Amino acid sequence: PRLKNGSAIILPDECNAEERQPPIVPVEVRLDFGVWKEELPASFADEVECLFRKPAEVALKEAIFNKINKDYLHLQVLKKATKSKAETQQTEEQKDLLEQAKRHERYHRKRNRGGDASENEPSTTEEALMEAVANRKISRKINYDAMSAIFDTDGTFATDGPDGATAGDDDAGAGEDGMFEF
């Protein structure tokens, strides 16, 4: 098998003995510039020397750049200051939100000392009504016996009429002309 450029494809299991040898070059090599420069042939030393600037030249070029681009550098400093100010303001807002959440939780914990509300919920409408009546101020104008008679024994609304007639009877909901008869 060959690649498009004509070179042979070497599969992992088909390598030769030389390719199976561990590498002799260390995996990570650190280059010491001073040692490299000393080992460099003298003919290349001048060419390499002109590629790198001397510290004095670097300081001079930096001063010139700073003078020319004073407005740009000032804008960069302002951007950095506003960004840091916005970040600190955002962290303060987050702290405030956390404090509010803690206070809110404490407030509701104090108010819900009776336990979880879902545990004490009544299962039927009649129980809910009786619990509401028991917890609130009792009125003299409400007939609580008549209110409890509204519900069946299973806690649902009773469909019986006042005389025991159901809602489906012919006499219960029919008008004079029998318009609502079923």
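**Entry 1: Glu-49 and its partners**

I began with Glu-49 and found that it forms a salt bridge with Lys-37, where the closest N and O atoms are 3.0 Å apart. Since the model I am reading is a predicted one, I treat this distance as a value computed from predicted positions. I then looked up where the two residues sit: Glu-49 lies in helix α3 and Lys-37 in helix α2 (residues 33-39), so the pair ties together parts that are twelve residues apart in sequence.

I also checked how open the two residues are to the surroundings. Glu-49 counts as partly exposed because its relative accessibility is 32%, and Lys-37 counts as partly exposed because its own value is 35%.

Next I asked which other side chain meets Glu-49 in a salt bridge. The partner is Lys-54, with 3.3 Å from N to O, and I noted that Lys-54 is partly exposed, with a relative accessible area of 45%.

**Entry 2: the remaining salt bridge and the network**

How many salt bridges does a search of the whole structure find? The search finds three, and besides the two at Glu-49 I wrote down the one that Glu-57 forms with Arg-53, in which the closest N and O atoms are 3.4 Å apart. For this pair I asked whether Arg-53 is buried or exposed. Arg-53 is exposed, with a relative accessible area of 52%, while Glu-57 is partly exposed at 33%. Looking at shared partners, I saw that salt bridges join Lys-37, Glu-49 and Lys-54 into one network. As a reminder to myself, side chains of opposite charge can pair when their charged atoms come close.

**Entry 3: charged patches on the surface**

I turned to the surface and found a positive patch formed by Lys-102, Arg-103, Arg-106 and Lys-110. I placed Lys-110 in helix α5, which covers residues 70-111, and I recorded that Lys-110 counts as exposed because its relative accessibility is 57%, where the cut-off for exposed is over 50%.

I then looked for negative charge and found that Glu-92, Glu-93, Asp-96 and Glu-99 gather in a surface patch. Glu-99 is found in helix α5, and at 45% relative accessibility Glu-99 counts as partly exposed.

**Entry 4: a nonpolar patch**

Which residues make the nonpolar surface patch of about 540 Å²? I listed Leu-31, Phe-33, Trp-36, Leu-51 and Phe-52. Of these I followed up Phe-52, which is found in the loop between α3 (42-51) and α4, and which is partly exposed, with a relative accessible area of 42%.

**Entry 5: the protein as a whole**

I stepped back to count the elements, and the protein has eight helices and zero strands, so that from the N terminus on I read α-α-α-α-α-α-α-α. Of the 182 residues of the protein, 4% count as buried.

Finally I looked up how confident the prediction is, and I noted a mean pLDDT of 77 for the protein, with 75% of its residues reaching 70 or more. Where is the confidence lowest, and where is it highest? It is lowest in helix α8 (residues 170-173), at a mean of 48, and highest in helix α4 (residues 55-68), at 94.

Note on methods: Residues are numbered from 1 along each chain as its sequence is written. This is a predicted model: local features need pLDDT of at least 70, side-chain atom pairs count only at pLDDT 80 or more; totals for chains, interfaces and linings use all residues. Side-chain values use heavy atoms; hydrogens and water are left out. pLDDT is the predictor's confidence in each residue, from 0 to 100. Helices (H or I, at least four residues) and strands (E, at least two) are DSSP runs, numbered from the N terminus. Patches are made of residues with over 30% relative accessible area and no salt bridge: like charges are joined within 9 Å, nonpolar side chains (Val, Leu, Ile, Met, Phe, Trp, Tyr) within 5 Å. Accessible areas come from the Shrake-Rupley method with a 1.4 Å probe; for residues, only the protein chains shown count as cover. A salt bridge is a side-chain nitrogen of Lys or Arg within 4 Å of a carboxyl oxygen of Asp or Glu. Buried means under 20% relative accessible area, exposed over 50%, partly exposed in between (1.4 Å probe, protein chains only). Lys and Arg count as positive and Asp and Glu as negative; His and the chain ends are not counted. The place of a charge is taken as NZ of Lys, CZ of Arg, CG of Asp or CD of Glu.
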